Amino acid sequence: MARDLVLSFETSCDETSVAVIENGEKILSNIVATQIKSHQRFGGVVPEVASRHHIEQITGCIEDALSEANVSYDDLTSVAVTYGPGLVGALLIGVTAAKVVAWAHHLPLVPVNHLAGHIYGARLVEPIEFPAMALVVSGGHTELVYMPEEGKFEIIGETRDDAAGEAYDKIGRVLGINYPAGKTVDEMAHRGKDTFHFPRAMDHDDNFDFSFSGLKSAFINTVHHADQVHETLNKNDLAASFQQAVIDVLADKTIRALHDYPVKQLILGGGVAANKGLRARLTDELEKFKNTSLELVPLALCGDNAAMVGAAGEMLYRHGIRGDATLNANPGLEFEWIKAKHEITSV
């Protein structure tokens, strides 16, 4: 088998990451420079701060990725880069760096949708079996994606307001938790009980879309009312009640989708895919589906990283997808090759 080596870039938000991936399925290096400490004092990601950090880190990440993989530019087959969705300034750093490397070393440039990266990151553990479905849950995205075959996507459900991860961070501020709040809320939830019974928005609607804005508001209103009447609430129970509502909706919608779209594999990816409660719930639910396996993206690859971009980039490269000098950041990028009824025929 030919040795295809992809140098991949990910700078969509607050991680500067460069990786070298072999044949789309083996990680030779995956360098991630996080900015969490820089953004914690602001309670969330500040775009200008993120962009400046990317500028400072990107060159060193490239050098470290090549060194750790023990390869040179001459060994590379292609360069892949996230060009959206994300923060425009942050994306521009990765896109510019990838374009420079591709131009300077006469390598093909492959533009990658960030969400496709979260999905195809599963390839780094096991081959994706089609038809497949992916539940992508992160700070900015909550989508159910049906994939009838490689390179084809159909968005069958998505959030209509706050993404799940975004809701975690917002209620985390109310609980006094530093950004990012997801891991801490998850830990607290395992020490509490669902005593508040927050609403499960759209759980029984005849679609696969999500909504977490109402849940967030119900949580905040509960806490604010308790403060006004000088009532002390159990924070672990608050966390458990919030998380149970999120998990119920995510799991219920996903399981219903699996009945309507029989698949060989369900992939759980994205930053919130690291949530222990969600992973446990889907593991239990999938035991009822004898012909569908569950692929949990490893915890180390749930957050934004260039390895997942390389896994998707290698697939896109084989399908002839190329970028050129005009490639630009697209912060609002969707699966733009979606045609009628959200069917993606090429990328």
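This is a short talk on the pockets and aromatic pairs of one structure.

Okay, hi everyone. Keep in mind that what you're looking at is a predicted model.

Let's start with the pockets. The largest one comes out at about 1,500 Å³, and 45 residues line it. If you want to find its centre on screen, look for Gly-139, Asp-169, Tyr-179, Pro-180 and Gly-271, which lie nearest to it. Strand β3 and helices α4, α5 and α6 each give two or more residues to that lining, with α5 supplying the largest share, six residues. As for chemistry, the lining splits into 17 nonpolar, 17 polar and 11 charged residues.

Next, the second largest pocket, with about 250 Å³ of space. Here we have 21 lining residues, and Leu-115, His-141, Glu-143, Glu-158 and Glu-334 sit closest to the centre. Two strands, β7 and β8, are the elements that put two or more residues into this lining. The split is eight nonpolar, seven polar and six charged.

Now the rings. We count eight aromatic pairs. One of them is Tyr-146 with Tyr-261, a tilted pair at 4.9 Å centre to centre and 50° between the planes. Those two are 115 residues apart, with Tyr-146 in β7 and Tyr-261 in the loop between α8 and β9. Is Tyr-146 buried or exposed? Buried, because its relative accessible area is 15%, under the 20% cut-off. Tyr-261, at 22%, counts as partly exposed.

Then there's Phe-210 with Phe-212: the centres are 6.3 Å apart and the planes at 10°, so that pair is stacked. Both of those residues are buried.

Last one: Tyr-168, Phe-196, Phe-198, Phe-219 and Phe-242 are joined into a cluster by ring pairs. Thanks, everyone!

Conventions. Residues numbered from 1 in each chain as written. Predicted model: local features only at pLDDT ≥ 70, side-chain atom pairs only at ≥ 80, totals over all residues. Heavy atoms only, no water. 1 Å grid on protein atoms, 1.4 Å probe; cavity = no way out; pocket = protein on both sides within 12 Å on 5 of 7 lines; lining within 4 Å. Points joined across faces, edges and corners; volume = space filled by probe spheres on them. Helix = DSSP H or I, 4+ residues; strand = E, 2+ residues; numbered from the N terminus. Nonpolar A, V, L, I, M, F, W, Y, C, P; charged D, E, K, R; others polar. Phe/Tyr/Trp six-rings, centres within 6.5 Å; stacked < 30°, edge-to-face > 60°. Buried < 20%, exposed > 50% of the residue type's maximum accessible area, 1.4 Å probe, protein only.
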